[in-house]
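Visitor: I would like to learn how to read the helices and sheets of a model such as this one. Could you take me through some of its features in turn?

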Amino acid sequence: LIVLTRYLFGFTGALMTAIGLVNYYRLESADLEGTGTKAYFYSAAFCFAAYSIFGGLVVPRANFFPASIFNTATFLALTGIPVQVFRALVALGMAFSIWKVLSIFNREITAELFESKRLMEDVTQGITEGIMLLTKDFRIIWANKALMRQTGCRAEDIVGNYCYKVTHRRDSPCEAPNDLCPVAEAVKTDKPVTLRHTHFDKEGGRHFVDVSVYPIRDAKGEIVEYVHVSRDVTPQVLLEEKYKTTVDAAMVELSKYKFGLEKSGEIVIMTDKDGKIIYVNPSFERVYGYARDEAMGQTRELTKKTKDGRLLTIESSDNPILDEKGMTVGFLSIQRDITERKNLEGKLTDKIKELESFYNLAVGRELKMAELEKEMEGQKERLAWLDKEIARLRGDSK
């Protein structure tokens, strides 16, 4: 059984390995050229081929061919050296060749990884967003310098650690309601996710960040890692909070006069700095036809016409709402609906024009009558003169 095993596996297995090593190098020669592995691939193939003979063909004596003729005893008689010595030497040659090939591969892979890491760091050097590469169990594989600046941690304190420990200073993954975990959401939805989080640096400083997580898939489409991007929006959030505080204070101040505003016949509209309506009084509802809830959050475009489509004539006074530093945080508009007054003014104007037209017509007629009377007087005078001339001429003829 031992002899047959050596024939079947020792000889054929070692020989096939030798052929496989040679063929592999030939197929991959374009990529392996210049790596220095050619000699070791061929030396390993030679050692495996030699082992196929010393370990696969030189077997203990047996009662069948070829073990009855070519065996360990005949080999010792021919060479004077036990076959085990050759097997050991060949095994050492195989081990050395394979070790050199693996060493070169390892060096090449390490160099490629180092180059990839250097390239990644060069590419992300100017990016202000913090970037981490995470495993599915929240471990950090890599982080850029912006992330180190955000957290105040060194690379060795970040890589290999859990993301929630580095960014949130907590011992368990983020969870609702305060900080919903974006990685868990990406796992659940199988899509990129963006959430706003509160991160803490090494000194306990608070930073507001918009966190986006993007899944990385392998050749089979399976998610294997995640890219975690955090953009620091602390100045924006603080400004929004300050703005909200200022607007709230303005609303509190406004509430002191709310009774008067609610009872005022004037339209009162209050908007934020972006023009979004945050307060209207009942006169607004009465004139424009919109309920207060319908107006909230809308822009001033809403006041171009009434809800039922009517156009109004509005007299408006608009003033900015300023914070303690004089920055505009909103606008207060006081309006008066003068549509009816304008309509009355229009009617009055039309009446005046009508009266002026009638007056001009009447005066024109009077002037015409005066001219006619004057013309008649002139004709009478001419007739009287003619009568006198006729009488004179008659007297002279006698």
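Guide: A term first: two residues are in contact when heavy atoms of theirs lie within 4.5 Å of each other. Please keep in mind as well that this is a predicted model. With that, we can begin at the first helix, where the cover over the buried residues of α1 includes α2 (29-32) and α3 (38-54).

Visitor: Which residues of α1 are buried?

Guide: The general idea is that an α-helix has 3.6 residues a turn, so residues three or four places apart point the same way. Here the buried residues of α1 are Val 3, Tyr 7, Gly 10, Ala 14, Ala 18, Leu 21, Val 22 and Tyr 25.

Visitor: What span should helix α1 have at 1.5 Å a residue, and how far apart are its end C-alpha atoms?

Guide: Helix α1 covers residues 2-27, and because each residue should add 1.5 Å, its 26 residues are expected to span 38 Å; the C-alpha atoms at its ends are 36 Å apart, which agrees. The 17 residues of α3 can be read in this way too, for the helix reaches 24 Å from first C-alpha to last, close to the expected 24 Å. The buried residues of α3 include Phe 41, Phe 48 and Phe 54, together with Cys 47 and Ser 52.

Visitor: Is Val 59 buried or exposed, and which residues is Val 59 in contact with beyond its neighbours within four places in sequence?

Guide: A residue counts as buried when its relative accessible area is under 20%, and Val 59, at 0%, is therefore buried. Val 59 is found in the loop between α3 and α4 (72-79). Apart from neighbours within four places in sequence, Val 59 has contacts with Val 3, Arg 6 and Tyr 7, and also with Ala 67, Phe 70, Asn 71 and Thr 72. Of these, Val 3 and Tyr 7 are among the buried residues of α1.

Visitor: What is the order of strands in the open sheet of five?

Guide: The order is β2-β1-β5-β4-β3, and the pairing is antiparallel. The edge strands, which pair on one side only, are β2 (140-143) and β3 (193-200). From one strand to the next, the twist averages 30°. Helix α9 (residues 182-189) packs on this sheet, where it touches β1, β3, β4 (206-217) and β5, and its direction makes about 165° with that of β3. Within the sheet, β1 (residues 130-135) and β5 (residues 223-232) are joined over six bridges in the antiparallel sense, with Thr 135 opposite Glu 225 in β5.

Visitor: Which strands stand at the edges of the sheet with the order β7-β6-β9-β8?

Guide: This open sheet of four strands is paired in the antiparallel sense. At its edges stand β7 (277-280) and β8 (314-322), and each has a single partner strand, so one side of each is left without a neighbour in the sheet. The twist from one strand to the next averages 20°.

Visitor: How many residues lie between β8 and β9 in their hairpin?

Guide: Five residues lie between them, and in the turn Gly 326 has a positive phi of about 85°. The two antiparallel strands are joined by nine bridges, and Leu 322 stands opposite Thr 328 in β9.

Notes: Residues numbered from 1 in each chain as written. Predicted model: local features only at pLDDT ≥ 70, side-chain atom pairs only at ≥ 80, totals over all residues. Heavy atoms only, no water. Expected span 1.5 Å × (residues − 1). Buried < 20%, exposed > 50% of the residue type's maximum accessible area, 1.4 Å probe, protein only. Pairing = 2+ DSSP bridges. Axes fitted to C-alpha atoms, helices over the stretch in contact; angles between N-to-C directions.
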